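Visitor: Before we begin, please place the sequence and the structure in view. I should then like to put some questions about them.

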Amino acid sequence: MEKQEKLKTLHERWFAKCTCELKKTATQAVPGDGNANSPIVFIGEAPGKNEDIEGRPFVGTAGKFLAEMLESIGMKREDIYITNIVKYRPPNNRDPLPEEIKACEEWLAEELALIKPTLIVFLGRHSMNHFFPLEKISQVHGKILIRTWPGLGRQHFLALYHPAAALYNGGMRETLIEDFKKIPKILKKIEKDSEK
Ligand code: URA
C-alpha cells in the first residue's frame, strides 16, 4: 500500500478508536492533512472553528498566514503535511487539557512514524512542549532541536511561534517570518549531514 493510502486507513481507524472527551462537543475529527511523502511535518495545537466545520487543519486565518509563509519559501500547502496535537476542537478554542493531549498522542505518534519526516516544525508552544516539556518558545524559536523519539529515532525539530499568536503582534510576526525563512537551509543541512 502507498504511504498516502496507509495514512488514510490510519486516520479512519483512529476516528473510531480515539477516546478524547472533546469528541462530544466537536463537530468532527480534524485529522492531519497533506503530502504523506513530505520531508516536513508541521504540528499545530488544536482545530479552531473553521477547521471544526471543514474537517481540515489550518483552513482559517492562521492557515492563510501559513500558506503565505510557505509561498515565501517556494512551497505550497499541498507539498507539506500538517497536523495538530489534538484532533478535536476544544470548546471556545480554550487550550487543550493534558488528558485531551494524552487521548490523541498515540494518533499523532502513529502518523509521524508513518511519514518519518526529515524535519518536524512546531507551530506554537503546545506542540513544542509535548516533545520538549522544559523548553520556552521565546528562547528556542528558530533553533534546531534534536532528540530521539519512539518510532522516529534521532529526530530534528524546529520551533516557531504560532501563526495565530503572531498574526496581530507586530514583533512576533516579524520573528515568525524570519524564522520561517530558515526552513529550506535547515532542511538542506539535515539532508547533507545524513549523507555523511
Ligand atoms: N490553529 C491550530 O493550532 N490548528 C489548526 O488547525 C488551526 C488553528
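Visitor: In which strand does Thr83 lie?
Guide: This is a predicted model, and the assignment refers to that model. The strand in question spans residues 81-84, and Thr83 lies within it. The element is strand 3.

Visitor: Is Thr83 buried or exposed?
Guide: The relative accessibility of Thr83 is 0%. Buried means under 20% relative accessible area. Thr83 therefore counts as buried.

Visitor: Which residue has a side chain joined to that of Thr83 by a polar contact?
Guide: The contact runs from side chain to side chain and has a length of 2.9 Å. The cut-off for a polar contact is 3.5 Å between N or O atoms. The partner of Thr83 is Glu111.

Visitor: Where is Asp179 found, and is this residue buried or exposed?
Guide: Asp179 belongs to helix 8, which covers residues 170-180. Its relative accessibility is 3%, and the limit for a buried residue is under 20%. Asp179, in helix 8, therefore counts as buried.

Visitor: With which side chain does the side chain of Asp179 make a polar contact?
Guide: The contact, at 2.7 Å, is formed between two side chains. One belongs to Asp179, and the other to His141.

Visitor: Which residues are around the ligand?
Guide: A residue counts here if one of its heavy atoms lies within 4 Å of the ligand. The residues around the ligand are Gly44, Glu45, Ala46, Pro47, Glu51, Pro57, Phe58, Asn84 and His162.

Visitor: How do the residues of this shell divide into nonpolar, polar and charged?
Guide: Ala46, Pro47, Pro57 and Phe58 are among the shell residues, and Ala, Pro and Phe count as nonpolar. Glu45 and Glu51 also belong to the shell, and Glu counts as charged. The division is four nonpolar, three polar and two charged.

Visitor: Which residue has a polar side-chain atom 2.8 Å from an oxygen atom of the ligand?
Guide: Backbone N or O atoms also approach ligand oxygen atoms: that of Glu45 lies at 2.8 Å, and that of Phe58 at 3.0 Å. The polar side-chain atom at 2.8 Å from a ligand oxygen belongs to His162.

Visitor: How much of the accessible area of the ligand does the protein cover?
Guide: On its own, the ligand has 240 Å² of accessible area. The share of this area covered by the protein is 91%.

Visitor: In which pocket does the ligand sit?
Guide: A molecule sits in a pocket if more than half of its atoms lie within 2 Å of the grid points of that pocket. By this criterion, the ligand sits in the largest pocket.

Visitor: What is phi of Asn93, and where does this residue lie?
Guide: Asn93 lies in the loop between strand 3 and helix 4. Asn93 is partly exposed, with a relative accessible area of 43%. Its phi is positive, in a residue other than glycine, and is near 60 degrees.

Visitor: What is phi of Lys116?
Guide: Lys116 lies in the loop between helix 4 and strand 4. Phi of this residue, which is not a glycine, is positive and near 45 degrees.

Visitor: What distance separates the C-alpha atoms of Leu112 and Lys17?
Guide: Leu112 lies in helix 4 and is buried, with a relative accessible area of 1%. Along the chain, Leu112 and Lys17 are 95 residues apart. Their C-alpha atoms are separated by 18 Å.

Conventions
Residues numbered from 1 in each chain as written. Predicted model: local features only at pLDDT ≥ 70, side-chain atom pairs only at ≥ 80, totals over all residues. Heavy atoms only, no water. Polar contact = N/O pair within 3.5 Å; in protein donor to acceptor, adjacent residues only side chain to side chain. Areas by Shrake-Rupley, 256 points an atom, 1.4 Å probe, with all protein chains shown as cover. 1 Å grid on protein atoms, 1.4 Å probe; cavity = no way out; pocket = protein on both sides within 12 Å on 5 of 7 lines; lining within 4 Å. Helix = DSSP H or I, 4+ residues; strand = E, 2+ residues; numbered from the N terminus. Buried < 20%, exposed > 50% of the residue type's maximum accessible area, 1.4 Å probe, protein only.
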